[in-house]
Amino acid sequence: VMINARGLAFRRLQTYSNDGGITFSPLQTVPIPEPASGCEMSTILNPLSKALLLTGPTEESLYRTHMALWKSQNDGQNWQKILLVDPGPSGYS
């Protein structure tokens, strides 16, 4: 189980469980920018490539803008921005 959640200081937080959610690893900051108030972002696993895909507003500001698509090839250990979907106002994806 991986949890990728709203964080503090314009960064996402992430944690892992190897026992189905009974215990979790220490929280880590993830270098995916987000608005000051944080925002829900959506994550899905591509069953063909096994890549994780994440979307959400990724501008470090007071406003939710710059909807982007991110990809991880290693279970969320590293993330790469692959597409700016829309530079304007955005929110839940």
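Let me start with one residue pair: Ala5 stands opposite Leu13 in strand 2. This is a predicted model, so please hear the rest in that light.

Ala5 closes strand 1, which covers residues 2-5. Strand 1 and strand 2 run antiparallel, joined by 4 bridges. Between the two strands lie 5 residues, and the whole unit is a hairpin. In its turn, Ala9 has a positive phi of about 55 degrees.

Strand 2 takes in residues 11-16. Its pairing with strand 3 is again in the antiparallel sense, over 4 bridges. If you want a landmark there, Gln14 stands opposite Gln28 in strand 3.

Next, the sheet formed by the later strands. In what order do the strands of the open sheet come? The order is 4-5-6-7, with antiparallel pairing, for 4 strands. The edges are strand 4, residues 42-45, and strand 7, residues 80-89, each of which pairs on one side only. Neighbouring strands in this sheet are turned against each other by 15 degrees on average, with direction ignored.

Inside that sheet, strand 5 is residues 52-57 and strand 6 is residues 65-72. These two are antiparallel and are joined by 6 bridges. Leu52 in this pairing stands opposite Ser72 in strand 6. As a general reminder, strands of a sheet pair through backbone hydrogen bonds.

Now the side chains. How many salt bridges does the count come to? The count comes to 2.

One of them is between Arg11 and Glu60, at 2.2 Å from N to O. Arg11 sits in strand 2 and Glu60 in the loop between strand 5 and strand 6, so this contact ties together parts that are 49 residues apart in sequence. Arg11 has 29% relative accessibility and therefore counts as partly exposed. Glu60, at 41%, also counts as partly exposed.

The other pair is Arg12 with Glu34, at 2.8 Å from N to O. Arg12 belongs to strand 2, while Glu34 is in the loop between strand 3, residues 28-33, and strand 4. Those two residues are 22 apart and link distant parts of the chain.

Are the partners in this second pair buried or exposed? Arg12 has 2% relative accessibility, so Arg12 counts as buried. Glu34 is at 0% and likewise counts as buried. The cut-off behind that reasoning is under 20% for buried.

To go back over strand 2: it pairs with strand 1 and with strand 3, and Arg11 and Arg12 both lie in it.

Key:
Residues numbered from 1 in each chain as written. Predicted model: local features only at pLDDT ≥ 70, side-chain atom pairs only at ≥ 80, totals over all residues. Heavy atoms only, no water. Pairing = 2+ DSSP bridges. Axes fitted to C-alpha atoms, helices over the stretch in contact; angles between N-to-C directions. Salt bridge = Lys/Arg side-chain N within 4 Å of Asp/Glu carboxyl O. Buried < 20%, exposed > 50% of the residue type's maximum accessible area, 1.4 Å probe, protein only.
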